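Q: Please take a close look at one part of this predicted model, the largest pocket, and explain how the parts around it are arranged. A formal account for a first-year student would be welcome.

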Amino acid sequence: MEPVWKRPDGSIVACTEKIKVLRENLEELRQMAQDAFEDALLMECEENQIRTVFQELIAGLENPYNKA
């Protein structure tokens with residue numbers, strides 16, 4: 001199921017081109033993560049550790065547009 005993208009004020013992003021870019025970016029990210037996940041499994045890394053490292057990576061992303 002595809003997410004409904006929202007702006008910080010809660011309004012919905014409805015621009016078809018923006019949604020298309022977001023969809024493409026997510027697919028690229030999913031494929032890159034899948035490839036990295038499979039590589040780590042082939043190198044005999046533990047599955048739950050890989051998932052934890054990926055989650056920490058995502059949680060650590062910085063918002064360069066945050067004005068706070």
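A: A helix is here a DSSP run of H or I that holds at least four residues, and helices are numbered from the N terminus. In this predicted model, helix α1 covers residues 16–42 and helix α2 covers residues 47–59.

The pocket itself comes first. The largest pocket holds about 350 Å³ of space. Its lining consists of 13 residues, and those nearest the centre are Leu 29, Arg 30, Ala 33, Gln 34 and Phe 54. The elements that give two or more residues to this lining are α1 and α2. The most comes from α1, which gives 8 residues. Sorted by class, the lining has 9 nonpolar, 2 polar and 2 charged residues.

Helix α1 also contains Leu 26. Leu 26 has a relative accessible area of 37%, so it counts as partly exposed, because that value falls between the limits of 20% for buried and 50% for exposed. In general, an α-helix has 3.6 residues a turn, so residues three or four places apart point the same way.

The account now passes to the loop between α1 and α2, where Glu 44 lies. Glu 44 is not a glycine, yet its phi is positive, at about 70°. The relative accessible area of Glu 44 is 75%, so this residue is exposed. Cys 45 reaches 37% relative accessibility and is therefore partly exposed. Cys 15 is likewise partly exposed, with 35% relative accessibility. As to bonding, a disulfide requires a pair of cysteine sulfur atoms within 2.5 Å, and by this rule the model has 0 disulfides.

Glu 46 caps the N-terminal end of α2. One of its side-chain oxygens lies 3.1 Å from the backbone nitrogen of Asn 48. Between Glu 46 and Leu 26 there is a separation of 25 Å, taken from C-alpha to C-alpha, and the two residues stand 20 residues apart along the chain.

The length of α2 can be checked by a short calculation. The expected span is 1.5 Å times one less than the number of residues, so the 13 residues of α2 should span 18 Å. The C-alpha atoms at its ends are 18 Å apart, which agrees with the expected value.

In summary, α1 and α2 each give two or more residues to the lining of the largest pocket, and Glu 44 lies in the loop between these helices.

Key
Residues numbered from 1 in each chain as written. Predicted model: local features only at pLDDT ≥ 70, side-chain atom pairs only at ≥ 80, totals over all residues. Heavy atoms only, no water. Buried < 20%, exposed > 50% of the residue type's maximum accessible area, 1.4 Å probe, protein only. Polar contact = N/O pair within 3.5 Å; in protein donor to acceptor, adjacent residues only side chain to side chain. 1 Å grid on protein atoms, 1.4 Å probe; cavity = no way out; pocket = protein on both sides within 12 Å on 5 of 7 lines; lining within 4 Å. Points joined across faces, edges and corners; volume = space filled by probe spheres on them. Nonpolar A, V, L, I, M, F, W, Y, C, P; charged D, E, K, R; others polar.
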